[in-house]
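Trainee: Could you take one part of this chain and go over it closely with me? I'd like to see how the pieces around it hang together, too.

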Amino acid sequence: MKLPTDPAANLAALIRCASVTPAEGGALGALEDMLKPLGFSVERPVFSEDGTPDIENLYARRSGNGPHLMFAGHTDVVPVGDEAAWTHPPFAADIANGEMYGRGAVDMKGGIACFIAAVARHVEENGGPKGSVSLLITGDEEGPAINGTTKLLEWAAGKGEKWDASIVGEPTNPDALGDMIKIGRRGSLSGSVVVNGRQGHAAYPQLADNPVRGLMSLVDALLYPAFDEGTKDFQATNLEVTSIDVGNPATNVIPAKATATFNIRFNDTWTAETIQAEIHNRLDQAAGRTKYRPGKKTPVDYDIVWRDRPSHVFLTRDDRLIETLSQSVKTAIGRKPALSTSGGTSDARFIKDYCPVVEFGLVGKTMHMVDERVALADLETLTQIYQRFIEDWFERGAA
């Protein structure tokens, strides 16, 4: 039986599965067909929660005597947008000028295709790693991330699974393959500040209490001064106001309520709890200021609503994992990648509670865009990097 050693063929099979969140689209079935000939046992649990779509996931393991390496990723993809704007159909896996086109090509079916090809080559050439390899693949990364990786990790751990390290195949490289390994992520927290005012006529402001004026004071306090100047391993904490809304179509009516929504990405100066406390403190102090509310003697009447679950900051310090991957990249492309904690969140934020985790995958320039695509040469190079990493990580573990 021919093993799935060709990353381009693997990726084409995955792209042709229209697995837009929350649809499985046949992608997990395609993975199962690739993995079983390599000696993997495959399970596909479905998780549910009220108010969210059911999600099918995949956990596959090839068991051996030695350390246990997990590869994590997702087969779900974002919608294609305007399909007519695509040069090639988004689920056809067409190849043109040395590139494969398709939704998920880099985010992140390409990384999965390369890792499977790397394992297949290792099995074909060496009989397999000196330990266990597992794939933890969700269909909910691009969605609410409720019935995916978090529950899949809990499910697997409940069955007795333990991992020594993990690599997430997200597209970590900004410009060229080998630019960057992610060794941590900033925390992320979102919320809304709602200011309660008193509606009235714009010509008689003394009879009303404009909540926009109060909101201006509060937003000013959120944006200045800076929360910190950054740390050795992380960028400076940054808060962005992403929406301001009063729900008021009239130009001569002072609204009754004004809302500002924000997201803050915080570094290891803070925890989710301490950054929330700092924000509350800033808002409480700003509520009493009269800069934008002359003549008002009462503080701004506001509420804050925290959105979703916070993502916690983390930094991986596993030298064996980081150095082995860095050296594998250097062997393949001739230079060492930067170690970074930049960017948004990923499922690594869940995995770090179970084992050390790093992220390394393809170039992410076209992810989520029309004409998402990947160079065939990059697929081959990433496969070589993953294969070298698998060989060296298990050798170092067995030494």
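Mentor: C355 counts as buried, at 6% relative accessibility, where buried means under 20% relative accessible area, exposed over 50%, and partly exposed in between (1.4 Å probe, protein chains only). Bear in mind that this is a predicted model: local features need pLDDT of at least 70 and side-chain atom pairs pLDDT 80 or more, while totals for chains, interfaces and linings use all residues. Numbering runs from 1 along each chain as its sequence is written, and side-chain values use heavy atoms, with hydrogens and water left out.

Sticking with cysteines for a moment, a disulfide is a pair of cysteine sulfur atoms within 2.5 Å, and by that rule the count is 0. C17 is in no disulfide, its nearest cysteine sulfur being that of C114, 17 Å away. With a relative accessible area of 10%, C17 is buried.

Now for the part I'd zoom in on, helix α6. Helices (H or I, at least four residues) and strands (E, at least two) are DSSP runs, numbered from the N terminus. The surrounding stretch, residues 183-289, carries the UniProt annotation "domain: Peptidase M20 dimerisation", from an unreviewed entry; UniProt positions are given in the numbering used here, feature names are shortened, and annotations may be inferred rather than shown by experiment. That span is 27% helix and 32% strand, and its end C-alpha atoms lie 42 Å apart.

Helix α6 takes up residues 272-287. Its 16 residues should span 22 Å at 1.5 Å a residue, and the end C-alpha atoms are 23 Å apart, which agrees; the expected span is 1.5 Å times one less than the number of residues. The buried residues of α6 are A272, I275, I279, R282, L283, A286 and A287. Looking down the axis, you find these buried residues within an arc of 135 degrees, so they line one face of the helix; the arc is that of the directions from the helix axis to the C-beta atoms. On the face turned away from that buried side sit the exposed residues E273 and D284.

What sits on top of the buried residues? The cover of α6 includes β12 (187-196), α5 (211-223), β14 (238-245), β16 (257-266) and β17 (302-311), with contact meaning heavy atoms within 4.5 Å. Between two of those neighbours, α5 and β14, there is a loop that holds P225. The peptide bond leading into P225 from Y224 is cis, with omega near 0 degrees.

For contrast, have a look at helix α2 (residues 27-35), which is mostly covered, with 8 of its 9 residues buried. Those are A27, L28, G29, A30, L31, E32, M34 and L35. Their cover includes α1 (7-15), β1 (41-43), β3, β4 (58-62), α3 and β8 (132-138).

Helix α3 (residues 109-126) contains I116, which counts as buried at 0% relative accessibility. Leaving aside neighbours within four places in sequence, I116 touches P4, N10, L31, M34, L35, L38 and L135. N10 and I116 are 106 residues apart in sequence, yet 8.0 Å apart in space, C-alpha to C-alpha.

The loop between β7 and α3 holds M108, and the peptide bond from D107 to M108 is cis, with omega near -15 degrees. Strand β7 itself belongs to an open sheet of 3 strands, ordered β6-β7-β21 with antiparallel pairing; strands count as paired if DSSP finds at least two bridges between them. β6 (95-96) and β21 (373-375) stand at the edges with a single partner strand each, so one side of each has no neighbour in the sheet. β7 (residues 99-101) and β21 are joined by 3 bridges, and E99 has A375 of β21 as its bridge partner.

Leading from β20 (357-359) to β21 is a loop that includes D371. D371 has a positive phi of about 60 degrees although it is not a glycine, and is buried, with a relative accessible area of 10%. A145 is a further non-glycine with positive phi, near 60 degrees. You'll find A145 in the loop between β8 and α4 (149-158), buried at 8% relative accessibility.
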